[in-house]
Amino acid sequence: MSSPGDHPYRKSLYRILENRAWLDAHIEALMAQYKSKWIAIYRKEVVASADSPDELRGICQDKVDMDETIIFQVPGAVRTPI
Amino acid sequence: MTNEVPRFPFRSLRDWIVFLEQNDQLRRNKKEVNLRYDLGYISKVTADTGGPALIHENIYGYPDWKIFCDGLTTFQRKAWALGLPLETLAASLAGVIQSGNLIKPVLVDTGPCKEVKIFGDNIDLTNIPIPYTGKYDNPPYITAGISTIMDLDTGWHNIAIRRFQLKGKQRLCDLIVSYQHEGKIFAKYVRAGKPMPIAIVIGADPLFYLLSQMPAEDNVSEWDYWGAFTGEPLQVVKCETNELLVPAQAEIVIEGFVDPLKREFEGPFSEFPGYYSGCYYLPVVDVRAVTMRKDAIYYYLYMGKEPSEGHSMAHLMYSAQILKQLKQLVPEVRDVNVLSTWSFTTAVTVDRRAKREGLIKKLAMAAKAIQAGALIKNLLVFDDNVDIRSLSDIIWSFSVKFQPARDFLAIPNTIGAELDPSEPSLGHGPGVSSFGVFDCTEAGPPYDEPFRREVALPPKSDKALEVLRDLGLNG
Ligand SMILES: Cc1cc2nc3c(=O)[nH]c(=O)nc-3n(C[C@H](O)[C@H](O)[C@H](O)COP(=O)(O)O)c2cc1C
Ligand SMILES: [Mn+2]
């Protein structure tokens, strides 16, 4: 089934996957720096941080494409259930 | 060509869709929807209002796809899917579950799920329209993927939905928790140092979906119950890249392996208690093949605070399995009804003539020992003259029969649900809970004082009935 890979939705999803891979690779450093904060990840970097998602959105929504941005609250601990 | 109206048993999602449409229980949405922003809310409102099943036919970025959702959110539709009468649904379901007439699936050569086959580097899971659910899940999750795995020693096939976060074109994370069957089976692969084959089925008949939310006992394949309901075996085909079996009529099958050692950062996800999960290091599905129908329909399940299609399926099927498994240990048990949150709060009745000292404690211990009882946190016990399908009867009985100092039993440090937001504040972190039993049964005889007796209904006189009839009310 065809699903155009160059469609804007697909392009932003690929960007999201890239951002997420970057987040996964740097989670320990991010936890050391931003524990409990909300961060915005765009083009594989943290472009803003704030104490709440609304505040974060306010800071970055004019600067970056939100469809390509991950809004994420940095956890204090990560469990390995199995 | 026959134009037969499909009836029970529904052998595919297609049969189910035609049936629902003919019974005015399905709407087609032709307005464009964005996977990122629109589908979760629509499903939530549909479940909250008892709305119809939906098919979204105009998906931004996915012109050839359709998305089906919310088929099993009402009792009527669940009764149709199980082939049971709505009026006696709980009792009829309990009857089939306890009948033991299980039928193994039958292997067939091929089926519609094999119309398209994609392997290895040609796979790109972003070709499949995967809706977002919660506002902060990112990337999105496959929520209606029925994980099919096989026990390392016995060939026991287990089927259950897991959350699968999209992590790459050929990569998903799998939330495997130790008390569920996937955890018990995966632990064997970890000990043996072997990768676990997995097949993820997206889009199947409604009975298959209900069975994916039924916590059967160890070594019991949920799909053997497909035959118990229908009288015929489920038709399955072999996977392309492993030995697993999957329903021949499925819409989409994702095949892969879970490495015993590899873990990847995952989460958070909007989970069934209505709270986000934490973040985890989770096992990873390396995808090796995708097979599907030419015009595959994606199945989407909303997840978050109840009600939802997932809760609707799980509460019904958990009730029936808890009853079956509990009765084997405590024959005095009469009925079970999951009230909330995948059985966090569950009501049970006991034969009030068979009550004896210690029975409620035996019941409490049994509830935590059975496979289906893993998630029970608050067990409410009633006499069998209480209608535990009526919330007002439950609250009334709790109010007038229960004495906190006498009738409450708490057991600290039990195995937790992992996702219960009240667990971390106990101080042990998630994964450790406590268990409470609320004995709402009535004190036994003698009923030698007026205040020991429930108020008798006023007499149902012929005149009273006549007046009610004239008023258009049922007596
Ligand atoms: C949308 C949805 C997502 C679910 N995700 C998971 C999950 O990630 N992990 C899990 O153990 N159970 C999950 N469940 C619940 C199980 O599918 C369910 O409890 C099942 O009965 C477990 O079966 P088992 O005892 O064979 O493991 C999910 C259910 C639904 C409806
Ligand atoms: Mn199972």
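Trainee: What distance separates the centres of domain 1 of chain B and domain 2 of chain B?

Mentor: It is 31 Å, taken over C-alpha atoms. This is a predicted model, where local features need pLDDT of at least 70, side-chain atom pairs count only at pLDDT 80 or more, and totals for chains, interfaces and linings use all residues. Residues are numbered from 1 along each chain as its sequence is written, chains are lettered from A in the order in which they are written, and side-chain values use heavy atoms, leaving out hydrogens and water.

Trainee: Where does each domain of chain B begin and end?

Mentor: Domain 1 covers 13-299 and domain 2 covers 330-452; such bounds come from an automatic or database domain assignment.

Trainee: Which residue counts describe the contact between the two domains?

Mentor: Contact means heavy atoms within 4.5 Å, and 19 residues of domain 1 of chain B are in contact with 15 residues of domain 2 of chain B. Y179(B), F272(B) and P273(B) supply 47% of the area that domain 1 buries against domain 2, more than any other three residues. Buried area is the accessible area (1.4 Å probe) that two parts lose on being put together, summed over both; here it is about 1,300 Å², with 71% from carbon and sulfur atoms.

Trainee: How many salt bridges does the rule find across that domain interface?

Mentor: Zero.

Trainee: Why is the pair K167(B) and D24(A) called a salt bridge?

Mentor: A salt bridge needs a side-chain nitrogen of Lys or Arg within 4 Å of a carboxyl oxygen of Asp or Glu. The closest N and O atoms of K167(B) and D24(A) are 2.8 Å apart, so the pair qualifies. The count between chain A and chain B is three salt bridges.

Trainee: What else describes the meeting of the chains?

Mentor: The contact takes 34 residues from chain A and 50 residues from chain B. Together chain A and chain B bury about 3,400 Å², 59% of it on carbon and sulfur atoms.
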